[in-house]
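Subject: The structure I promised you

Hi,

Here is the structure we talked about, ready for you to open and turn around on your screen. Have a look at it first, then read on for what turned up.

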Amino acid sequence: VRDGIAPTEEQQKRYMGIILKRANDLDSMLEELFLITTLNYKKESRPSERIELGQFVRDFVEDHLAPYQSKGLEIKARIATETPFINANPQLLQRVLQNVLNNSAKYKMTDIGHCVIDVTSDDDFVYCVISDDGPGVPPESLERLMRPFYRVDSSRTNPQEGSGLGLSIIRRIMEIFEGRVMIENVRPHGLRIILEFPKQGEES
């Protein structure tokens with residue numbers, strides 16, 4: 001713009017939009033890097049509490065329906081009748097859900113993507129399973145997805161989007177919760193993120 005490369009007002013607006021997006025992307029990356037640092041060194045500053053996961057997910061979906069619809073992503077929750085408790089920090093748990101859904105919104109295959117959040121449990125664990133209908137990833141890339149800055153050379157990768165930190169943040173948060181995260185492809189296409197939490201017993 002300064003050098004006269006964009007002589008018309010329309011071109012100037014377009015370039016200013018690109019500059020603003022790049023600045024926002026950089027700000028987001030710095031925020032994610034800061035979060036990783038605090039997760040590694042200040043675990044005690046984010047205390048956990050007993051959370052009924054099913055109700056937490058219901059409230060999250062209700063609060064975030066409109067924001068994700070504006071990004072072209074329809075989200076819904078399917079909660080099992082019994083919703084056991086987990087031990088987690090609510091702010092970090094919300095960040096996990098947001099990171100997964102943000103990825104689904106970025107890499108959707110059509111104008112409107114869909115994402116379903118299932119909450120189930122067994123004798124020992126509570127599961128939050130988030131499935132989208134995007135392109136998925138090559139099978140050989142699944143185990144590398146949670147490495148910091150790793151990005152897939154496939155239809156799911158948009159070089160204009162993301163820092164490559166979102167899934168590594170999810171993995172670190174789940175480690176803090178003493179849980180784990182697993183990733184698998186969905187047929188015919190899509191990605192499924194499985195969050196496994198230790199089940200908490202009844203309060204005495």
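Let's begin with the order of the elements: from the N terminus on, the protein chain runs α-β-α-β-β-α-β-β-α-β-β. That gives 4 helices and 7 strands. Please keep in mind that this is a predicted model.

**The chain as a whole**

The protein chain has 204 residues, and buried ones make up 40% of them. About 11,900 Å² of the chain is exposed, with carbon and sulfur atoms supplying 50% of that area. Now take the contacts between residues at least 6 apart in sequence: 67% of these join residues at least 24 apart.

**Strands β4 to β7**

Try finding β5, residues 125–132, on your screen. This strand is mostly covered, as 7 of its 8 residues are buried. On one hand, β5 pairs with β4 (residues 113–121) in the antiparallel sense, over 7 bridges. These two strands, β4 and β5, make a hairpin with 3 residues between them. On the other hand, β5 pairs with β7, again in the antiparallel sense and over 7 bridges.

You can follow these pairings through Ile130. This residue is the bridge partner in β5 of Ile117, and Ile130 also stands opposite Ile193 in β7.

What about β7 itself, residues 191–198: how many of its 8 residues are buried? The count is 6, so β7 is largely enclosed by the rest of the structure. Besides β5, there is β6 (residues 180–185), which pairs with β7 in the antiparallel sense over 6 bridges. β6 and β7 form a hairpin too, with 5 residues between them. Look for Gly190 in that turn: its phi is positive, at about 135 degrees.

Glu196 in β7 is worth a click. Arg180 has Glu196 as its bridge partner, and Tyr127 stands opposite Glu196 as well.

**Rings**

The structure holds 2 aromatic pairs. In one of them, the ring centres of Phe125 and Tyr127 are 6.4 Å apart and the planes meet at 50 degrees, so this pair is tilted. Are the two residues buried or exposed? Phe125 has 29% relative accessibility and counts as partly exposed, while Tyr127, at 16%, counts as buried. The cut-off here is 20%: under that value a residue is called buried.

There is also a charge to look at beside a ring. The charged end of Arg50 sits over the ring of Phe85, 4.3 Å from the ring's centre.

**Two cysteines**

How many disulfides does a search of the whole structure find? The result is 0. Cys115 is in no disulfide, and the nearest cysteine sulfur, belonging to Cys128, is 9.6 Å away. Why is that too far? A disulfide needs two cysteine sulfur atoms within 2.5 Å. Both residues are tucked inside: Cys115 is buried with a relative accessible area of 1%, and Cys128 is buried with 2%.

**Two residues to click on**

Start with Ile75, which lies in strand β2. Ile75 is buried, with a relative accessible area of 6%. Which residues does Ile75 touch, not counting those up to four places away in sequence? They are Val61, His64, Leu65, Tyr68, Leu101 and Cys115. Ile75 and Val116 are a nice case to compare in sequence and in space: they are 41 residues apart in sequence, but 5.8 Å apart from C-alpha to C-alpha.

Then go to Pro84, in the loop between β2 (73–79) and β3 (85–88). Pro84 sits in a loop and still counts as buried, at 8% relative accessibility. Leaving aside neighbours within four places in sequence, Pro84 is in contact with Ile51, Glu52, Leu53, Ser121, Val126 and Lys199. Val119 is 35 residues from Pro84 along the chain, and their C-alpha atoms are separated by 9.7 Å.

Have fun clicking around, and write back if something is unclear.

Cheers

Technical notes:
Residues are numbered from 1 along each chain as its sequence is written. This is a predicted model: local features need pLDDT of at least 70, side-chain atom pairs count only at pLDDT 80 or more; totals for chains, interfaces and linings use all residues. Side-chain values use heavy atoms; hydrogens and water are left out. Buried means under 20% relative accessible area, exposed over 50%, partly exposed in between (1.4 Å probe, protein chains only). Two strands pair if DSSP finds at least two bridges between them. Rings of Phe, Tyr and Trp (its six-membered ring) pair if their centres lie within 6.5 Å; planes under 30 degrees apart count as stacked, over 60 as edge-to-face and the rest as tilted. A charge sits over a ring if NZ of Lys or CZ of Arg is within 6 Å of the ring centre and within 35 degrees of the ring normal. Contact means heavy atoms within 4.5 Å. Accessible areas come from the Shrake-Rupley method with a 1.4 Å probe; for residues, only the protein chains shown count as cover.
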